[in-house]
Amino acid sequence: MLRLTLFILVCASQLLAAPASNFVNVNVSRTIDLTTTPSITRVSVTISANNAGSESVGEYYLAVPLSVVGKLAYVGVDQVNAGNKKVKLVVTPDEVETSRQSSIFWKVQYYKAELAEKAAAGSTISLVVTESYLAIAAPYPKEVEQIRPQSLKFEDNGHYFSPYTSEKQKTVVKVRTQDVIDSTPYDSKSTDKLTYEFKNVSPLSRRPLSVHWTENKAILVLESLQRELVVSQWGNLAVEENFELHHRGAKLRRHFSRNDYQFTAHAHHMTNVVKELKFTLPRQASEVYFKDHVGNVSTSRFRNERTKSILELRPRYPLYGGWKYTWFHGYNAPLKDFVKYDPEQGSYVFQFNFLGGLLDIPAENGVVKIVLPEGATDIKVLSPFAVKESRTLTFSYFDTIGRPTVILEKLNLVDEHGVPVQVVYKFDRTNLLRKPIAVSIGVLALLIVSMFYARLDLSITEDKAADLQLRLQTYRSTVSDLAKSASHIFKGIDDAFDSFKNSRKEKERFDFAPFERQINDVVRSLNDVADEVGQTLGESPETKSFISHIRALSANIGERSGKVKSLLAHNIALLLTLDVGDVDEKTKKEVAAGVQKTNTEIKALEAKAKKIVDDL
């Protein structure tokens with residue numbers, strides 16, 4: 001069982017050390033910088049390695065624990081040649097060794113650096129490795145009082161994590177030693193560094209290293225950085241940058257107190273509060289603006305200097321640990337400072353910085369959107385580091401075919417990525433006429449549409465027949481109401497006469513005059529309506545027929561009034577005859593016949609009046 005265990009251990013160690021079969025690190029000097037900013041942990045390693053194998057080797061492997069690979073933002077290797085000059089090497093993740101992360105001892109990501117020249121057997125090479133990590137140091141404790149300083153704790157491997165055996169190693173931690181609260185025991189100490197020395201270090205070995213110190217600088221990380229660069233071949237570059245900033249320092253133990261903040265302004269430098277941010281912009285930047293999700297922010301200062309421009313932003317509120325602030329700002333700059341023409345290739349070279357002008361603040365997710373002029377072709381992206389590239393089209397005012405747009409994305413950005421990135425494209429100058437032509441066509445189209453519109457009759461035409469019918473309908477309602485009023489009057493006469501007969505005194509006569517006046521009023525109103533129709537509606541056949549009907553109705557009512565008056569006279573005469581008492585039968589029959597005849601005539605007139613109203 002013991003032999004089996006030893007066999008497994010030996011196989012596992014050989015598996016992990018597979019890329020390191022030839023080199024032996026003669027001397028390794030590693031420096032961990034904790035003084036610049038806690039947002040970025042920078043590691044510089046100087047390696048002197050000897051090819052102890054029997055064959056020449058063309059690559060050198062680096063090892064990074066998988067637990068911190070997600071925070072690794074930059075890794076670069078320079079080879080120092082015989083003339084003490086540095087040659088930058090190509091560094092790529094090693095896919096074969098990455099597949100061996102199932103090690104029972106340690107999960108490792110290997111990186112392969114391709115040497116400038118193959119190292120002959122027995123020769124020694126000198127390398128300088130630079131690594132940058134995002135915020136490895138963490139607040140300890142995680143919460144502090146508002147007016148108390150924060151302290152951070154850095155934990156790492158005391159040994160340089162290498163797949164090669166190291167004869168001698170030295171790890172230097174740059175930190176203000178007077179601020180150190182606690183640390184792993186060191187070999188030597190000075191005012192600004194702790195030194196750890198090791199000998200005969202095995203491949204991929206570990207030794208805990210921790211430093212706990214007081215640090216008032218904020219741990220600032222951009223969770224999102226989005227830049228849009230709009231290239232106008234007319235000579236302008238419009239830049240807009242969107243930021244989502246997170247303060248990852250020690251959080252406040254209690255709620256934020258505005259009073260404490262105001263009264264302890266003299267001690268703010270002792271805490272991790274952030275009150276202002278400073279950006280470096282191009283020298284001739286102009287028309288600068290600063291806004292957040294609320295609106296324009298006026299608490300900013302901008303100035304042009306000899307070689308650069310400075311934008312100082314003061315957020316709406318101070319930033320403490322755990323707080324976030326989101327904003328965007330933009331500016332214009334002359335295009336000639338960024339775009340050059342290559343006459344040999346017949347192309348334009350747009351050169352820009354992937355990062356904005358915010359130093360020592362890393363970005364977890366960076367997106368740069370380059371909007372090229374409409375008509376740009378043969379687009380190429382030349383980046384000194386790997387980026388994810390995509391293409392799309394952007395449409396703006398008076399664009400016809402859209403502007404070619406290049407979108408570059410990268411995770412974990414630090415200042416080391418602040419190197420020029422180039423976008424090469426070809427552009428025919430005749431495309432500058434595209435927008436004026438589009439504007440001219442648009443104006444011409446507008447004029448043509450205006451001409452057609454001016455000639456269109458969009459007014460609502462008057463339908464005289466329908467209008468006549470509508471107005472006649474109004475008069476019909478009026479005439480009908482007057483006819484009903486006349487009917488009510490005649491009925492009232494009947495009711496009044498019946499009441500008179502039942503309660504009259506001897507030789508008393510019925511008073512018809514009030515009813516006659518009412519009837520005359522109705523007749524007069526009908527005649528007025530007929531006159532008004534004639535005056536307002538003209539003399540069309542339909543109008544004339546309508547007027548004749550009104551006149552006929554008026555005459556009918558007048559005639560009925562006369563007949564009713566005659567009928568009443570006959571009835572009263574009959575009553576008076578009955579009062580005398582000695583009237584013969586002949587006279588009674590004559591009076592009764594007169595009453596009957598008049599009654600018949602009145603009913604005929606009523607029927608005629610109803611027909612007239614129905615025919616209106």
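1. Buried here means under 20% relative accessible area, exposed over 50%, and partly exposed in between. With its 2% relative accessibility, Y325 therefore counts as buried. The model is a predicted one, and the points below should be read as remarks on that model.

2. Y325 has a ring partner in Y317. The two ring centres are 5.4 Å apart and the planes stand at 90°, so this pair is edge-to-face. The partner differs in burial class: Y317 is partly exposed, at a relative accessible area of 28%, whereas Y325 is buried at 2%. Both residues belong to one aromatic cluster, formed by F243, F256, Y261, F279, Y317, Y320, W323, Y325 and W327.

3. The count of aromatic pairs comes to 18. Another of them is Y289 with F328: centres 6.3 Å apart, planes at 70°, so edge-to-face, since the angle is over 60 degrees. The pair connects distant parts of the chain, with Y289 in strand β21 (residues 286-292) and F328 in strand β24 (residues 324-334), 39 residues apart. Y289 is partly exposed at a relative accessible area of 27%, and F328 is partly exposed at 23%.

4. Two lysines sit over tyrosine rings. The charged end of K291 is placed over the ring of Y289, 5.8 Å from its centre. K153 lies over the face of Y140, at 4.7 Å from the ring centre. Y289 thus has both a ring partner, F328, and a charge over its ring, from K291.

5. Y140 also precedes a backbone feature to check. The peptide bond from Y140 to P141 is cis, with omega near 5°. P141 is located in the loop between β9 (138-139) and β10 (143-144). Most residues other than glycine have a negative phi, and most peptide bonds are trans.

6. Two residues have a positive phi without being glycine. A135 has a phi of about 40° and lies in the loop between β8 (124-134) and β9. At 12% relative accessibility, A135 counts as buried. F398 has a positive phi of about 60°, and its loop runs between β29 (388-394) and β30 (403-413).

7. Strand β24 also holds N332. The residue is buried, with a relative accessible area of 17%. N332 and A285 are 47 residues apart in sequence, yet their C-alpha atoms are 5.6 Å apart in space. Leaving aside residues up to four places away in sequence, N332 touches N236, L237, A238, Q284, A285, S286 and E287. One of these contacts, S286, falls within β21 (residues 286-292), the strand that carries Y289.

8. An open sheet of four strands is arranged in the order β25-β26-β31-β28, with antiparallel pairing. Its edge strands are β25 (339-342) and β28 (377-382), each of which pairs on one side only. On average, neighbouring strands of this sheet are turned by 20° against each other, direction ignored. Between β25 and strand β26 (residues 347-353) the antiparallel pairing runs over four bridges. Across the two strands, Y341 stands opposite Y348 in β26.

9. What span does helix α7 (residues 513-536) have between its end C-alpha atoms, and what span should it have? At 1.5 Å a residue, its 24 residues should span 34 Å, and the end C-alpha atoms are 34 Å apart, so the two agree. The expected value is 1.5 Å times one less than the number of residues. After α7 comes G538, whose phi is positive, near 80°.

10. Which residues of α7 are buried? They are F515, I519, V522, V523, L526, V529, A530 and V533. An α-helix has 3.6 residues a turn, so residues three or four places apart point the same way. That background is useful when reading the list of buried positions in α7.

11. Helix α8 (residues 541-580) contains S554. S554 is buried, with a relative accessible area of 5%. Apart from residues up to four places away in sequence, S554 touches V523, L526 and N527. Among these contacts, V523 and L526 are buried residues of α7.

Conventions
Residues are numbered from 1 along each chain as its sequence is written. This is a predicted model: local features need pLDDT of at least 70, side-chain atom pairs count only at pLDDT 80 or more; totals for chains, interfaces and linings use all residues. Side-chain values use heavy atoms; hydrogens and water are left out. Rings of Phe, Tyr and Trp (its six-membered ring) pair if their centres lie within 6.5 Å; planes under 30 degrees apart count as stacked, over 60 as edge-to-face and the rest as tilted. Buried means under 20% relative accessible area, exposed over 50%, partly exposed in between (1.4 Å probe, protein chains only). A charge sits over a ring if NZ of Lys or CZ of Arg is within 6 Å of the ring centre and within 35 degrees of the ring normal. Two strands pair if DSSP finds at least two bridges between them. Axes are lines fitted to C-alpha atoms, for helices over the stretch in contact, and angles run from 0 to 180 degrees between N-to-C directions. Contact means heavy atoms within 4.5 Å.
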